[in-house]
Amino acid sequence: MAAKDSTRGILSAEELSAFCAQLALITKAGIPAQEGISIMMEDSGSVRTRELLQTILDKLEEGAPLKTGLAQTQRFPKYMLDMVGIGEQSGRLDEVLDSLSAYYERSQSISRSIKSAVTYPAVMIAMMAVIIGILICSVLPIFQQVFRQLGSEMSAFAQGIMAFGAGLSRYSALIVGAILALIAAWVILRRSAGGREFLSHCYSSFFGTRRIAAKVAAGRFASAMSMMLSSGLDVDQSLDMAANLIDDAQTREKIQQMKQKMADGASFAEALMATQLFSGVYARMITVGFKTGAADGVMKKIAERYEEEIDDTIGKLLGVLEPTLVAVLSIIVGMILLSVMLPLMGIMSSIG
């Protein structure tokens, strides 16, 4: 399996995509799953990966289906196991594995985009904090000594900044403790279903990330529906399983509303437009897709389009953040230095 190793827990989206892609290729060649897993073991250069594949192979040699072998490892998500089971029962395992590979690849791409959008501002803000901290805690006290030696005092603004820096130094242990507590709380929340739902709600409600969150959720829903429909599931089954793939609580609620409207007699496209999960154009595209029998293909194109929109939105956001953060840092540093340098220059001029 051409992917990174994990010691425990569910495999990452990148690993799942690589595993599904390789197994799909083997299955399309007409090679049985048992022999295919053996081939993957021979090609693997990782001990942990071979152990994972050996666990699957042991169950297959006992006559168990592939779904059972994957479940035995406890490293694959439930919805992937369900999809593999459906693929085995319908005789379309290669198509299901291809769909799963594409789905996890898109999920990984979206996750990378989100991480890049979060990481850059975080690094910039951290650098700003370090530079300003050095100025306040190390540079300003030196200037204060210079002013006192010259028989003067720094400006009220500079003294206020120094007092602020002294307060930060005095309570630095509490500040660091609070930051560590927030990080620990975030890690704990990520480990529970309720915590993930809370974080998802915060992410989808915050004004700075609301737009991206809505597009990410809609894109993942379209990708999931494309995968389900192309695997031979009907719309009701696809909606049920797609709901398990979505972390966003608002999107899951809209899916439930869609199911209710469909139970009341509305078509899938009508229910989709009523809940406004997709924009009007995409909803109309799906209406045409269902009429022409190409709903899975339309869903796939919509998922790809949302991925492009997410990348474009994040690119524009970073394009605005970069000069903004640089400008803010420059203004703060400039104000601090000018509050010290201008009075010092005045003193030096009077002495001269």
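## A walk through an all-helical predicted model

In this predicted model, residues 24 or more positions apart account for 59% of the contacts in the protein chain that have a separation of 6 or more. That is a good place to start, with links between parts of the chain that are distant in sequence. The secondary structure behind them is simple to describe: the protein chain has 15 helices and zero strands. The radius of gyration is 28 Å, well over the 20 Å that the globule rule gives for 352 residues, so the chain is more spread out than a compact globule. If you align your view with the principal axes, the C-alpha atoms fill a box of roughly 95 × 50 × 30 Å.

Next, consider the surface. Of the 352 residues, 39% count as buried. The chain exposes about 19000 Å², and carbon and sulfur atoms supply 60% of that area. As for charge, there are 32 positive and 34 negative side chains, and the centres of these two sets lie 8 Å apart.

Now let us step inside and look at helix 10, which covers residues 210-230. Its 21 residues should span 30 Å at 1.5 Å a residue, and the end C-alpha atoms are indeed 30 Å apart, so the expected and modelled spans agree. Of those 21 residues, 18 are buried, so helix 10 is largely enclosed by the rest of the structure. After helix 10 comes G232, which has a positive phi, near 95°.

Helix 7, residues 156-170, passes the same kind of length check: its 15 residues should span 21 Å at 1.5 Å a residue, and its end C-alpha atoms are 21 Å apart. The buried residues of helix 7 are A158, I161, M162, G165 and G167. When reading such a list, it helps to remember that an α-helix has 3.6 residues a turn, so residues three or four places apart point the same way.

Helix 6, residues 93-149, holds a neighbouring pair that is worth zooming in on, and L100 is part of it. With a relative accessibility of 1%, L100 falls under the 20% cut-off and therefore counts as buried. Leaving aside residues up to four places away in sequence, L100 touches C20, M80, M83, V84 and M227. One of these partners, M227, belongs to a stretch you have already met, since helix 10 runs over residues 210-230. Two more, M83 and V84, sit in helix 5, which covers 78-90. L100 can also be placed relative to Y79: the two are 21 residues apart in sequence, and their C-alpha atoms are 9.9 Å apart in space.

S101 is in helix 6 as well. Its relative accessible area is 9%, so S101 is buried too. Apart from residues up to four places away in sequence, S101 touches S17, C20 and A21. C20 is thus found among the contacts of both L100 and S101.

To finish, here are two residues with more access to the outside. Q74 lies in the loop between helix 4 (66-73) and helix 5 (78-90). Although Q74 is not a glycine, it has a positive phi of about 60°. Q74 is exposed, with a relative accessible area of 64%. Q237, in helix 11 (residues 235-245), is partly exposed at a relative accessible area of 40%. The C-alpha atoms of Q237 and M262 are separated by 13 Å, and the two residues are 25 apart along the chain.

Key
Residues are numbered from 1 along each chain as its sequence is written. This is a predicted model: local features need pLDDT of at least 70, side-chain atom pairs count only at pLDDT 80 or more; totals for chains, interfaces and linings use all residues. Side-chain values use heavy atoms; hydrogens and water are left out. Helices (H or I, at least four residues) and strands (E, at least two) are DSSP runs, numbered from the N terminus. The radius of gyration is taken over C-alpha atoms; the globule rule is 2.2 Å times the number of residues to the power 0.38. Buried means under 20% relative accessible area, exposed over 50%, partly exposed in between (1.4 Å probe, protein chains only). Contact means heavy atoms within 4.5 Å. Accessible areas come from the Shrake-Rupley method with a 1.4 Å probe; for residues, only the protein chains shown count as cover. Lys and Arg count as positive and Asp and Glu as negative; His and the chain ends are not counted. The place of a charge is taken as NZ of Lys, CZ of Arg, CG of Asp or CD of Glu. The expected span of a helix is 1.5 Å times one less than its number of residues.
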